[in-house]
Amino acid sequence: MTGGTNGAETSGALLSARGIEKRFGATRALRGVDFELRVGEVHALVGANGAGKSTLSRVIAGMIRPDAGSLSVLGREIAPANPRDALEAGIAMVTQETSLAPDLTAIENVFLPELGRSGRLDWRRLRQRAGALIDDLKIVMQFSLDTRVSDLSMANRQIVEILRVLALDSRVILLDEPTTSLSPYECDRLLELTQRLAHKGHGLVLVTHRMEEIFSFTDRLTVLREGSLVASSVETGSIDGPELIRLMVGRELRDVYAGQGRVGGGFAKTAFRALNLRVGNAVRDVSLHVGEGEILGLGGLVGAGRTEAAEAIFGLVPRRAGEMELFGRSFDPRSPIDAIRAGLGFVGEDRRQHGLVPHFSVRENLMLVHLSLQKEIGLSYGKVEKQAIAVVESLGLKAARLADANILKFSGGMQQKIILARWLLAKPKLLILDEPTRGVDIETRASIYKALRASAAAGMAIILISSDFEELLGLSDRVVVLSDGRSVAEVPAAYLDIERLTMLAAPRSSAGQIGQLLRQLAERYDACAVWIHRDADHIFCFDSASRPGVPPTLERGAFARAGDTPFADGATPPTGDPACMLVPILGKRGQGLGFIGLTVPPPRRLPQAAELAGLIRQALHPSQPAAA
């Protein structure tokens, strides 16, 4: 439970939908669906792709007119003919792809309706209103309201979108897959905001496929399947994951990673290597390699440079520096067609922008790469028809659907399967996937995972970018972690969990200061100084500095078992060979940033722990006095 429901005010319904029906041609999208949202709750609306979740959300938000049924807000019946009618009734929607004006600033987007009013705008008053909303909800602003929206991360755009609906005084807020492009940290930040909104008396409908979001952040849930209501207003705490999946898909679905198996052993032949890549301002120094038959995960937060690095590899954007090799030969694609002809494939994170041709049929979309590679005149679909059908059916799609004239009638999950099938049909040597399961249901994910594992087992090298860290760890053999545009770690996936991966990916604004401190400590004490994260089993080294003649305890980026380092017992007393000690690093708000470790060979001596702690405080927080 989120704690959003409170007091007698929640006893009545904030929003009620009764008997909602909607057809699109021969397709019956909603079949007499009922839905209820209370004041002060976060209510999950869940189901597989094509279940009717987005259709119901758009009916409530006035984007689609139902064929039958009724809506009411606080007991007053409404019949919104358009989104403006819904807004006037207190209903607003935040979509998966935000509807902000990219060339306007954040504050201009927050008060966009005000821009259409006659007269001069009082920007001082509007800034005060925005500040009041931010303060009231305790939003930690990581950007300026004067920043252009096109320069904001997806997470911060969602914050702007929410501020906009609050400025319109919306009581009912629908969130349609708001976290699909966000990292775990950013997801938590956004969903914690939904809880604070619920405490303020709003009602929130969360459309999501992510189980952890449903069980951690919602009070009740409603399940749709093929347009029908199969579970209504169920208390979230009264149901578990397997039962929820059974309701969604109509049968049990085993662990989506089970039965695929991790590709075993090492990877004898390196398929692709990148050294010291620099791309625009987003990628500063990224190095990675992937072997034949390996799935390499790129971990990191949104904005870490993962997408930009992938686009440079595929020739979509130029690189400023760095080298690339494909099967041992220099690789320098000037365009995507160069990359495709060299044996690369790329599934972009935005299927509408990078994957689909809207006015092409399903078959034409599937055959795009095949057409780009053929040399003879004509479509020549017949040559690969059998292969195409086999690939499509392996992903759980019926071959008859290839004849559909409009791919936009497919659900998001079905569209994603066609895009993936396009590349599997081309059999690239290296396939790059950027958020391949964004906005798709758990059953579609399972079929995509199975296809990727089979492709890797057949020798294909795969680079996987995913903000879903559970997915990244479940599929990858190794993970290269990016932070602030740099590759900061390379770790076997078996050694990672979500907490460790989140820690490695976290931006470290004090990294430069700590690096300088390590060099000073190494010089001062004739020592090796390291900045590490330590848990019960493993140690990861963020940075390292050593005096000439003093062997480094850990190299930068090293990931080792704690027992294989001098720091196996934590804050070891300054004895032994080598003598070593650990002192924790604390940020300005008292948060842990890891440890500084010092090691010196005999007969050199270490300082007292209090002395080292004082030097750390002085370096990171100059306003605080160092210990005497």
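The following paragraphs describe the fold, the nonpolar cores and several local packing arrangements of a predicted model.

In this predicted model, the protein comprises 21 helices and 25 strands. Of its 628 residues, 53% count as buried. Among the contacts between residues at least 6 apart in sequence, 65% join residues that are at least 24 apart.

Towards the beginning of the numbering, four strands form an open sheet in the order β2-β1-β4-β5, with antiparallel pairing. The edge positions are taken by β2 (27-38) and β5 (76-78), each of which pairs on one side only. From one strand to the next, the twist averages 25°. Strand β1 (residues 13-24) is joined to β2 by nine bridges, the two strands running antiparallel, and within this pairing A13 stands opposite R38 of β2. Helix α1 packs on the sheet, where it touches β1, β2 and β4 (68-73), and the direction of the helix makes about 60° with that of β2.

Helix α1 (residues 53-60) includes K53. Because six of the eight residues of α1 are buried, this helix is largely enclosed by the rest of the structure. The buried residues are K53, T55, L56, S57, V59 and I60. K53 has a relative accessibility of 5% and therefore counts as buried, the cut-off for this class being under 20%. When neighbours within four places in sequence are left aside, K53 is in contact with L45, V46, G47, A48, V207, H209 and L224. The helix is followed by G62, whose phi is positive, near 80°.

A further packing arrangement involves helix α5 (residues 123-136) and helix α6 (residues 154-167), whose axes come within 11 Å and cross at roughly 110°. This angle makes α5 roughly perpendicular to α6, since angles of 65 to 115 degrees fall in that class. The contact is formed by R129, L133 and I134 in α5, which meet L163, L166 and A167 in α6. By class, the residues of this contact are five nonpolar, no polar and one charged.

In soluble globular proteins, nonpolar side chains tend to be buried together. In the present model, the largest nonpolar core has 104 residues, and those with the most contacts inside it are F272, I463 and I596. Helix α16 (residues 412-426) gives the most to this core, contributing seven residues. A second, separate core of 34 residues includes V94, F111, I159 and L175. As for the surroundings of I596, with neighbours within four places in sequence left aside, this residue is in contact with I514, L517, L518, L521, V530, W531, M581, L582, V583, I585, L612 and I616.

Strand β17 (residues 430-434) is mostly covered, five of its five residues being buried. In a regular strand the side chains alternate between the two faces of the sheet. Both faces of β17 are covered, with L430, I432 and D434 buried on one side and L431 and L433 buried on the other. Strand β16 (residues 344-347) pairs with β17 in the parallel sense over four bridges, and here L344 stands opposite L430. Strand β18 (residues 461-465) likewise pairs with β17 in the parallel sense, over five bridges, and D434 stands opposite I465 of β18.

Residues of β18 also take part in the surroundings of L298, a residue of strand β13 (residues 295-299). At 1% relative accessibility, L298 counts as buried. Although L298 and L464 are 166 residues apart in sequence, their C-alpha atoms are 6.0 Å apart in space. Not counting residues up to four places away in sequence, L298 touches L288, R306, I463, L464, I465, S466, L472, V480 and L482. One of these contacts, I463, is also among the residues with the most contacts inside the largest nonpolar core.

Technical notes. Residues numbered from 1 in each chain as written. Predicted model: local features only at pLDDT ≥ 70, side-chain atom pairs only at ≥ 80, totals over all residues. Heavy atoms only, no water. Axes fitted to C-alpha atoms, helices over the stretch in contact; angles between N-to-C directions. Parallel < 35°, antiparallel > 145°, perpendicular 65-115°, else oblique. Contact = heavy atoms within 4.5 Å. Nonpolar A, V, L, I, M, F, W, Y, C, P; charged D, E, K, R; others polar. Core = buried A, V, L, I, M, F, W, Y, C linked by side-chain atoms within 4.5 Å. Buried < 20%, exposed > 50% of the residue type's maximum accessible area, 1.4 Å probe, protein only. Pairing = 2+ DSSP bridges.
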